[in-house]
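Student: I have a structure to read and do not know where to begin. Can you take me through it one feature at a time?

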Amino acid sequence: MILKKENSKSPKTFLFYGPSGSGKTLMTHALVNETNSIFLDFSPEIIAENAADKNAISKLVYIVFKVAREFQPAIIYIDEIEHFFPKKSAKKFKPKCVKFKKDLINQIQKQLIPSDNVTIIGCTNQPQYCNVLEIKKAFEKYYYFPYPDYGSRLFTLENELIKNKVDPEKISFLQNLAFNTEGYTVGALCQTISEILTE
């Protein structure tokens, strides 16, 4: 399995990237469940609550990694990683956590050792705002989560209908709907079904 990498000379760090709703966070939770790991969320929205106090954030970074090592196996999840490693040329993008980047890198590179069963998973649906060189230094492997193909969209629609106690065979236009939703993620399809389906 991905997370159990023997003889690695560096910490286990992975970047999941792809459109919103493509399953990046869901995959992270699946890995937490399959590896019986503790889950530590260190995403920008968590940091934003204490962003005014830089010392508090630095302590929080330390505590997160300390807890991860103490109670391993552990997965540290960092959503919207572009806020830590922003591209300087992205003028319209306003990063929230760039001033805490050094604290994060320091914990990954200096506090974790290869034998630690601690994995860092960064996620982004806006890779165009990421500083590629810094991302390469921080993350060891990268996984793209694409838009689903026709078969996957049809399966998702059928499955969501069944979950809502609707027989997919009674929906005559379901295949046409799956065909015409190219460019929609699984998350978007599920949300749409839940919002428009009525008794």
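Student: What share of the 199 residues in the protein is buried?

Tutor: Buried residues make up 38% of the 199. Keep in mind that this is a predicted model.

Student: How many helices and strands does the protein have?

Tutor: The count is eight helices and five strands. Their order along the sequence is β-α-β-α-α-β-α-β-α-β-α-α-α. The pattern thus opens with a strand and ends with three helices in a row.

Student: Let us turn to charged side chains. How many salt bridges does the structure hold?

Tutor: A salt bridge needs a side-chain nitrogen of Lys or Arg within 4 Å of a carboxyl oxygen of Asp or Glu. The structure holds two of them. One joins the side chains of D116 and R69, with N and O 2.8 Å apart.

Student: Which parts of the protein does the pair of D116 and R69 tie together?

Tutor: D116 lies in the loop between α4 (101-111) and β4 (118-124), while R69 sits in helix α3 (residues 54-70), so the pair links parts that are 47 residues apart in sequence.

Student: Are these two residues buried or exposed?

Tutor: Buried means under 20% relative accessible area, and exposed means over 50%. D116 has 6%, so D116 is buried. R69 has 33% relative accessibility and therefore counts as partly exposed.

Student: Which residue forms a salt bridge with K163?

Tutor: That residue is E160, and the closest N and O atoms are 3.1 Å apart. Both residues belong to helix α6, and because they are three residues apart there, about one helical turn separates them. K163 counts as exposed at 58% relative accessibility, whereas E160 is buried, with a relative accessible area of 9%.

Student: What should I look for when a charged residue is buried without a salt bridge?

Tutor: Look at the side chains of opposite charge, then at other polar atoms. Take R153, which is placed in helix α6. R153 is buried yet has no salt bridge.

Student: How far from R153 is the nearest side chain of opposite charge?

Tutor: That side chain belongs to E182 and is 5.0 Å away, and the cut-off for a salt bridge is 4 Å. A polar atom of the R153 side chain does lie 2.9 Å from the backbone oxygen of P148.

Student: Now the pockets. What is the volume of the largest pocket?

Tutor: The largest pocket holds about 250 Å³ of space. It is lined by 14 residues, and those closest to its centre are G21, S22, G23, K24 and T25. The elements that give two or more residues to this lining are α1 (24-35) and α8 (186-196). By class, the lining of the largest pocket has three nonpolar, eight polar and three charged residues.

Student: Which residues are closest to the centre of the second largest pocket?

Tutor: They are L157, F173, L177, I193 and I196, out of 13 lining residues. The volume of this second largest pocket is about 220 Å³. Two or more residues of its lining come from each of α6 (150-163), α7 (174-179) and α8. The most come from α8, with four residues.

Student: How many nonpolar, polar and charged residues are in that second lining?

Tutor: The lining of the second largest pocket has 11 nonpolar and two polar residues, with no charged ones. Set beside that, the lining of the largest pocket has three charged residues.

Technical notes. Residues numbered from 1 in each chain as written. Predicted model: local features only at pLDDT ≥ 70, side-chain atom pairs only at ≥ 80, totals over all residues. Heavy atoms only, no water. 1 Å grid on protein atoms, 1.4 Å probe; cavity = no way out; pocket = protein on both sides within 12 Å on 5 of 7 lines; lining within 4 Å. Points joined across faces, edges and corners; volume = space filled by probe spheres on them. Nonpolar A, V, L, I, M, F, W, Y, C, P; charged D, E, K, R; others polar. Buried < 20%, exposed > 50% of the residue type's maximum accessible area, 1.4 Å probe, protein only. Lys, Arg positive; Asp, Glu negative; His and termini not counted. Polar contact = N/O pair within 3.5 Å; in protein donor to acceptor, adjacent residues only side chain to side chain.
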